[in-house]
Amino acid sequence: MATSNTVAFRPDVEEIITEAFERCGLDPQTQTGDRAVSARRSLNLLFSEWANRGINYWAVEQQTLTLINGQATYTLPVGTIDILDAVVRDSSGTDTSDQIINRVSISDYNQLPNKTSPGKPSQYMLDKQYTPIAYFWQVPNRTTYSMVYWAIRQLEDVTASNQDADIPYRWNECICAGLASKMSLKFANEKFQILNEMYER
């Protein structure tokens with residue numbers, strides 16, 4: 001028997017919700033619009049949970065932040081969760097060179113005696129607010145510097161059932177199991193323990 005010769009399986013959000021309802025023992029055909037909204041909200045909460053559990057490697061992206069002469073603080077893109085690694089790139093002259101820039105703690109940055117000292121940045125501190133802010137030391141003293149960094153971004157929101165979830169193929173089972181666990185807590189409490197155990201496994 002021949003195989004399909006395709007690798008296109010990608011359930012959309014509606015199919016993920018249907019699978020979760022079926023695992024809870026709930027007939028998807030009888031579910032209300034309110035429960036679909038509840039399921040989408042639970043999916044977004046699931047994504048938030050995953051961000052706290054560790055690095056979602058498919059959500060790691062290389063970014064470039066142009067540094068401005070005399071400016072020490074920079075607002076990073078909305079949805080930036082963390083920075084894994086970074087270098088300062090100097091584009092002056094004919095050659096481009098990268099140099100390690102060290103991340104320091106808030107305490108280490110706070111104890112710098114002269115935070116306005118100009119030069120090539122060698123350290124940065126990440127203030128992980130709702131919209132993160134990066135503080136550089138030394139303060140860039142030319143316009144040819146940029147920080148090239150690997151950022152963990154927030155997974156894209158689920159806003160409608162006809163969308164794809166922002167996950168790779170290998171996470172299909174995990175998202176269905178995670179949503180079933182969350183939905184059972186709300187609508188099929190007697191199945192929560194087994195569904196949550198399956199999700200954690």
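**Surface, spread and cores of a predicted chain**

In this predicted model, the chain exposes about 11,800 Å², of which carbon and sulfur atoms supply 48%.

Trainee: Is the chain more spread out than a compact globule or not, and what is its radius of gyration?

Mentor: The chain has five helices and 10 strands. For 201 residues the globule rule gives 17 Å, and the chain lies well over that value, so it is more spread out than a compact globule. The C-alpha atoms fill a box of roughly 65 × 45 × 30 Å along the principal axes. The radius of gyration is 23 Å.

Trainee: Which element gives the largest share of the largest nonpolar core?

Mentor: This core has 27 residues, and I16, L43, F47, W50, I167, I175 and L179 touch the most other members. Two or more residues come from each of helix 1 (13-23), helix 2 (33-53), helix 4 (172-187) and helix 5 (192-200). The largest share, six residues, comes from helix 4.

Trainee: Which elements are included in what covers the buried residues of helix 4?

Mentor: Helix 4 has 16 residues and reaches 22 Å from its first C-alpha to its last, close to the expected 22 Å. Its buried residues, under 20% relative accessible area, include N172, I175, L179 and M183. Their cover includes helix 1, helix 2 and helix 5.

Trainee: Which residues does W50 touch, leaving aside those up to four places away in sequence?

Mentor: W50 is one of the residues that touch the most other members of the largest nonpolar core. With residues up to four places away in sequence not counted, W50 touches N56, W58, L155, I167, W171, C174, I175 and Y199.

Note on methods: Residues numbered from 1 in each chain as written. Predicted model: local features only at pLDDT ≥ 70, side-chain atom pairs only at ≥ 80, totals over all residues. Heavy atoms only, no water. Core = buried A, V, L, I, M, F, W, Y, C linked by side-chain atoms within 4.5 Å. Buried < 20%, exposed > 50% of the residue type's maximum accessible area, 1.4 Å probe, protein only. Helix = DSSP H or I, 4+ residues; strand = E, 2+ residues; numbered from the N terminus. Contact = heavy atoms within 4.5 Å. Expected span 1.5 Å × (residues − 1). Rg over C-alpha atoms; globule rule 2.2 N^0.38 Å. Areas by Shrake-Rupley, 256 points an atom, 1.4 Å probe, with all protein chains shown as cover.
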